[in-house]
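Colleague: I should like to learn how to read the nonpolar core of a model and the strands around it. Could we work through one case together?

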Amino acid sequence: MLLQTHVYVSSAASEVNVVHVSIIPGAGYNRSSLGYSPDVIHVVIGVNNTVVWTNNDNVTHTVTSTTGVFDSGLLPPGQSWNYTFTYPGTFNYYCTIHPWMKGTVIVEAPTGTTAPSNYSATYMYTGSLPSPRNPPGNVIAASVFALIIIGLVLGEISSKRTR
Ligand SMILES: [Cu+2]
């Protein structure tokens, strides 16, 4: 039996907001500063999960994931770089040139949904993003449907075993 769930995505890209992080002036020499402002941000998938970093310092920096998830490469003064987060988690990053510079992006699932433990593998929100005004109720419906089917299949298996 083939079980296929479909994630409906509405075309509301214009409603999706980005989050801006500034690499602040002096970040390259002020070792008591984390360098990114704000240094901790929360984003929600489908609402504001694209983050734009802008280098407002006068030396080159990087935005580099500590776990290899993303890497801006060299970001010269005045340049911006963006990354869209597609699955929940806490993503720490730093500057490879000035390793005292540190930041964190906390990525949350859309409101009203619960991320399964294998969220990153099966619920990649690639392409267009769901509207923040329309919680993906059909995702919930698909999940409920899948659970019913699994229940039926398991019920059938156990009834065969008892014969
Ligand atoms: Cu730097």
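Modeller: Let us begin with the core itself, bearing in mind that this is a predicted model. In soluble globular proteins, nonpolar side chains tend to be buried together. Here the largest nonpolar core comprises 17 residues, and V51, W53, M101 and V105 have the most contacts inside it.

Colleague: Which elements give two or more residues to this core?

Modeller: They are β1 (18–23), β4 (50–55) and β7 (89–94). The most comes from β7, with 3 residues.

Colleague: What does M101 touch, not counting residues up to four places away in sequence?

Modeller: M101 touches A27, L34, G35, Y36, H61, Y94 and C95 on that count.

Colleague: How should one read the two faces of β4?

Modeller: One asks which residues lie on the covered face and which on the uncovered one. In β4, V51, W53 and N55 form the covered face, while T50, V52 and T54 form the uncovered one.

Colleague: With which strands does β4 pair, and in what sense?

Modeller: The strands β1 and β4 run parallel and are joined by 6 bridges; S22, for example, has T54 of β4 as its bridge partner. With β6 (residues 80–84), β4 pairs in the antiparallel sense over 5 bridges, and there W53 has W81 of β6 as its bridge partner.

Colleague: How many helices and strands does the protein have, and in what order do the elements run?

Modeller: The protein has 2 helices and 8 strands. From the N terminus, the order is β-β-β-β-β-β-β-β-α-α.

Colleague: What share of the residues is buried?

Modeller: Of the 163 residues in the protein, 22% are buried.

Note on methods: Residues are numbered from 1 along each chain as its sequence is written. This is a predicted model: local features need pLDDT of at least 70, side-chain atom pairs count only at pLDDT 80 or more; totals for chains, interfaces and linings use all residues. A nonpolar core is a set of buried Ala, Val, Leu, Ile, Met, Phe, Trp, Tyr and Cys residues joined through C-beta atoms within 7 Å. A residue is buried if 20 or more other C-beta atoms lie within 10 Å of its own, exposed if 12 or fewer, and partly exposed in between; C-beta atoms are placed from the backbone. Helices (H or I, at least four residues) and strands (E, at least two) are DSSP runs, numbered from the N terminus. Two residues are in contact if their C-beta atoms, placed from the backbone, lie within 7 Å. Two strands pair if DSSP finds at least two bridges between them.
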